[in-house]
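User: I am in my first year and would like to learn how the labels attached to a protein model are justified. Could we go through them one at a time?

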Amino acid sequence: PYMTRRAIEFIKQQDQEPWCLHLSYIKPHWPYMAPAPYHARYSADDCLPPRCDAAERDSAHPLHQGYMTHPESIIFSDAEKRQKIVPTYMGLIKQIDDQIGVLLDYLEESDLMDKTMIVFTSDHGDCLTDHGHSQKWTMYDTITRMPMIVWAPGRFAPGRRIDGLCQQMDIAPAILELAGLEPD
């Protein structure tokens with residue numbers, strides 16, 4: 001909420017001039033602690049089981065084996081601990097969803113939605129014990145297939161979906177192109 005409030009304060013100060021804001025929420029990073037009511041929003045019943053089969057563990061490449069024996073992976077592989085960590089992680093994501101909603105509501109109420117380009121993305125995902133480890137050490141889908149949602153009124157049809165791969169370095173040139181600007 002603090003970051004969202006600061007973002008809104010920044011936007012209010014722009015006085016109709018073009019502006020650019022990079023809003024970066026720190027969570028859901030360690031430590032996985034969520035404030036109320038998000039800490040209790042989800043339970044173990046809301047979680048999917050980890051994706052990892054016995055063959056994947058038994059014939060792991062030495063590097064992958066190292067990831068599976070990393071202290072955080074060992075903690076996450078304890079079913080009782082995972083049943084607390086993953087719902088908390090989900091609660092932290094819900095908090096981000098709600099804060100993005102606050103920001104979008106402000107833009108709408110201020111008649112700025114149709115004049116504002118928004119790019120929502122993340123730098124990485126987390127295995128959360130899929131494939132026997134936690135964190136972001138590998139190129140599994142849970143790490144790499146992060147959302148990138150672009151709101152660019154009048155630039156392309158709403159609902160357009162692109163399944164191609166992009167990197168963070170592709171975002172700035174794409175934004176400039178969508179805005180009709182040339183890089184310096």
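**How the labels are earned**

Analyst: The chain has seven helices and two strands, and these come from a predicted model. Read from the N terminus, the elements follow the order α-α-α-α-α-β-α-β-α, and the C-alpha trace spans about 60 × 35 × 25 Å along its principal axes.

User: What makes E9 and R6 a salt bridge?

Analyst: The closest N and O atoms of E9 and R6 are 3.5 Å apart, and the cut-off for a salt bridge is within 4 Å, so the pair qualifies. Both residues belong to helix α1 (residues 2–12), where they are three residues apart, which means that about one helical turn separates them. As general background, side chains of opposite charge can pair when their charged atoms come close.

User: Why are E9 and R6 called partly exposed?

Analyst: Partly exposed covers what lies between buried, under 20%, and exposed, over 50%. E9 has a relative accessibility of 41% and R6 has 43%, so each value falls in that middle range and each residue is counted as partly exposed.

User: How do you know that D130 and R51 form a salt bridge, and which parts of the chain does the pair tie together?

Analyst: The closest N and O atoms of D130 and R51 are 3.3 Å apart, which is within the 4 Å limit, so the pair is a salt bridge. D130 sits in the loop between β1 (118–121) and α6 (141–144), whereas R51 sits in the loop between α1 and α2 (54–58), so the pair ties together parts that are 79 residues apart in sequence.

User: Are D130 and R51 buried or exposed, and what decides the label?

Analyst: D130 has a relative accessible area of 8%, and because that is under 20%, D130 is buried. R51, at 46%, is neither under 20% nor over 50%, so R51 is partly exposed.

User: What makes D98 and K94 a salt bridge, and where do they lie?

Analyst: The N to O distance between the side chains of D98 and K94 is 2.8 Å, and since a salt bridge needs these atoms within 4 Å, the condition is met. Both residues lie in helix α5 (residues 79–109), four residues apart, about one turn of the helix. D98 has a relative accessibility of 25% and therefore counts as partly exposed. A search of the whole structure finds four salt bridges, including this one.

User: How many aromatic pairs are there, and why is the pair of F10 and W19 called edge-to-face?

Analyst: The structure holds three aromatic pairs. In one of them, the ring centres of F10 and W19 are 6.3 Å apart, and their planes stand at 80°. The centres must lie within 6.5 Å for a pair, and planes over 60 degrees apart count as edge-to-face, so both conditions are satisfied. F10, with a relative accessible area of 27%, is partly exposed, and W19 is likewise partly exposed, at 29%.

User: What makes the pair of W30 and Y32 stacked?

Analyst: W30 and Y32 have their ring centres 4.7 Å apart, with 20° between the planes, and because planes under 30 degrees apart count as stacked, that is the label the pair receives. Ring pairs also link W30, Y32 and Y89 into a cluster. W30 is partly exposed at 38% relative accessibility, whereas Y32 is buried, with a relative accessible area of 12%.

User: Why is C20 called exposed, and where is its place?

Analyst: C20 has its place in the loop between α1 and α2. Its relative accessibility is 67%, and because exposed means over 50%, C20 counts as exposed. The C-alpha atoms of C20 and I118 are separated by 9.8 Å, although the two residues are 98 residues apart along the chain.

User: Which residues and elements line the second largest pocket?

Analyst: The second largest pocket has a volume of about 1,400 Å³ and is lined by 38 residues, of which P147, M148, I149, I162 and C166 lie nearest its centre. β1, α6, β2 (148–151) and α7 (171–178) each supply at least two residues of this lining, and α7 gives the most, with five residues. By class, the lining has 21 nonpolar, ten polar and seven charged residues.

Notes
Residues numbered from 1 in each chain as written. Predicted model: local features only at pLDDT ≥ 70, side-chain atom pairs only at ≥ 80, totals over all residues. Heavy atoms only, no water. Buried < 20%, exposed > 50% of the residue type's maximum accessible area, 1.4 Å probe, protein only. 1 Å grid on protein atoms, 1.4 Å probe; cavity = no way out; pocket = protein on both sides within 12 Å on 5 of 7 lines; lining within 4 Å. Points joined across faces, edges and corners; volume = space filled by probe spheres on them. Nonpolar A, V, L, I, M, F, W, Y, C, P; charged D, E, K, R; others polar. Phe/Tyr/Trp six-rings, centres within 6.5 Å; stacked < 30°, edge-to-face > 60°.
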